[in-house]
Each structure stands twice: as structure tokens, then as C-alpha cells.
Amino acid sequence: MHILLTRPLEDSKNLLIKFKELGHVVSHLPVIKIRKIEYKEPSFNDHSVIIFTSSNSIKNLSVDLINKTIKCFCVGSATEKFARSLGFQNVIAAEGNVRALKELILQNHDKKNGKILYVSGEVISSNLDKELANEGYEISRIVNYAVDHNNEFQNDVIEELKKNIPDIVYIYSQNSAKSF
């Protein structure tokens with residue numbers, strides 16, 4: 001089977017290797033680029049919870065300034081794994097979508113137990129911060145990265161894809177879908 005991965009290489013590397021080990025033909029065409037956005041550094045100690053909706057939100061954050069025992073809610077297992085790899089110890093993952101993440105927060109964090117810091121990209125699929133504020137939570141949002149469309153493809157990769165059309169294309173986000 002021919003599989004096309006569309007995430008940046010650092011985010012696709014492990015999956016690329018696993019699929020190849022299983023005998024699949026794997027192509028890589030990164031359709032997005034992640035760009036860090038400068039943000040006003042919050043007082044991390046003023047928050048009892050951090051929400052991460054992607055590993056990019058963690059990669060573009062000053063994690064050295066954060067107490068690694070703070071409770072973290074992650075949108076999915078890949079984000080959870082990345083948070084743990086950086087030393088975060090109290091990490092809970094949802095099932096990979098914002099609705100499940102919201103329910104996880106509602107079930108596991110009492111609004112009386114402190115402020116929430118929501119770290120995300122510029123484009124979001126849901127207004128999680130506003131929804132949680134409507135539920136009575138005190139929440140602030142940091143936007144620390146943006147996604148740019150990648151238009152710089154090597155011609156040989158495009159030509160190979162034209163010759164051997166993939167059976168499956170992995171598209172991971174709304175931004176990737178638009179770029180694809």
C-alpha cells in the first residue's frame with residue numbers, strides 16, 4: 001500500500017518508519033510549516049491547569065519556566081506523549097478531539113481549583129476557552145504558533161506522486177486539509 005504523510009518531517013518520522021517496517025511504500029509531502037508567534041509570557045504559577053491542543057503548542061512554549069507537576073490536559077495521546085517527554089508528570093489525554101477534551105476538563109477539574117491556561121495555535125477548530133468560560137471557569141489563552149501553507153515542494157516528489165498515486169493520505173488538521 002502507498003501511504004502519503006502530510007505533516008512536517010519531525011512530526012511524521014516515527015510513523016514513516018513504522019509504515020516502512022510493515023512493508024508499505026511511504027511518501028512524505030509536508031503541506032504546512034509551523035511558525036512561532038511571540039507572546040506575552042504569563043505567570044505560570046498563577047494557573048493550576050494548562051491545556052495543550054497540539055504538540056506545537058508545547059514546542060513553542062517556554063517550558064523551562066513551568067512547574068512540571070502542574071495538571072495538563074492534552075487533546076490526544078501524541079500531545080500527551082510529547083508533554084511527558086519534556087518532564088510534565090500530571091498529564092491527562094482526551095481522545096483526539098476538542099469535544100472530548102472539554103468533557104475531560106469538566107469531569108476532572110473543578111472550576112474552584114484555579115485558573116486555566118490554554119495554549120494553542122492561531123487557528124482553532126473550536127472556541128474551547130469561550131466554552132469553558134461560559135461554564136464558569138477562569139481561563140486565559142496564549143497563541144504561540146501559526147501554520148503557514150507550504151508551497152515549496154521538490155519537483156521530483158510531485159512527479160513521483162503523479163506516477164504512483166497514494167492509496168491513503170494522512171491529513172491531521174483543518175490547516176493541513178486547506179493546504180492539501
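**View 1. The buried lysine K102 of helix α4 in the predicted model.** In this predicted model, K102 has a relative accessibility of 16% and therefore counts as buried, the limit for that class being under 20%. The residue belongs to helix α4, which covers residues 98–108. When neighbours within four places in sequence are left aside, the residues in contact with K102 are L128, E131, L132 and E135.

**View 2. The six-stranded open sheet and its two edges.** The strands of this sheet follow one another in the order β3-β8-β7-β4-β5-β6, and their pairing is mixed. Strand β3 (32–36) and strand β6 (90–93) stand at the edges, and because each has a single partner strand, one side of each is left without a neighbour in the sheet. Averaged over the sheet and with direction ignored, neighbouring strands are turned by 25° against each other.

**View 3. Helices α3 and α4 packed on the six-stranded sheet.** The sheet shown here has the strand order β3-β8-β7-β4-β5-β6, with an average turn of 25° between neighbouring strands when direction is ignored. Helix α3 (residues 77–85) packs on this sheet and touches β4, β5 and β6, its direction making about 170° with that of β6. Helix α4 also packs on the sheet, where it touches β4, β5, β6 and β7, and its direction makes about 155° with that of β5.

**View 4. Strand β4 and its two partner strands.** Strand β4 spans residues 47–52, and five of its six residues are buried, so the strand is largely enclosed by the rest of the structure. With strand β7 (residues 115–121), β4 runs parallel and is joined by five bridges. Within this pairing, H47 has K115 of β7 as its bridge partner, while F52 has V119 of β7. With strand β5 (residues 71–74), β4 pairs in the parallel sense over four bridges, and here the bridge partner of V49 is K71 of β5.

**View 5. Two cysteines, C72 and C74, without a disulfide.** The structure holds zero disulfides. For C72, the closest cysteine sulfur is that of C74 at 6.1 Å, which is too far for a bond, since a disulfide calls for sulfur atoms within 2.5 Å. Seen from the other residue, C74 is likewise in no disulfide, and its nearest cysteine sulfur, that of C72, is 6.1 Å away. As to their surroundings, C72 counts as buried because its relative accessibility is 0%, and C74 counts as buried with a relative accessibility of 0%.

**View 6. The three-stranded open sheet and helix α1.** This sheet has the strand order β2-β1-β9, and its pairing is parallel. Strand β2 (25–28) and strand β9 (168–170) stand at the edges, each with a single partner strand, so one side of each is left without a neighbour in the sheet. Neighbouring strands of this sheet are turned by 20° against each other on average, when direction is ignored. Strand β1 (residues 2–5) pairs with β9 in the parallel sense over three bridges, and in this pairing L4 stands opposite V169 of β9. Helix α1, made up of residues 9–21, lies across β1, β2 and β9, and runs at about 170° to β2.

Note on methods. Residues are numbered from 1 along each chain as its sequence is written. This is a predicted model: local features need pLDDT of at least 70, side-chain atom pairs count only at pLDDT 80 or more; totals for chains, interfaces and linings use all residues. Side-chain values use heavy atoms; hydrogens and water are left out. Buried means under 20% relative accessible area, exposed over 50%, partly exposed in between (1.4 Å probe, protein chains only). Two strands pair if DSSP finds at least two bridges between them. Contact means heavy atoms within 4.5 Å. Axes are lines fitted to C-alpha atoms, for helices over the stretch in contact, and angles run from 0 to 180 degrees between N-to-C directions.
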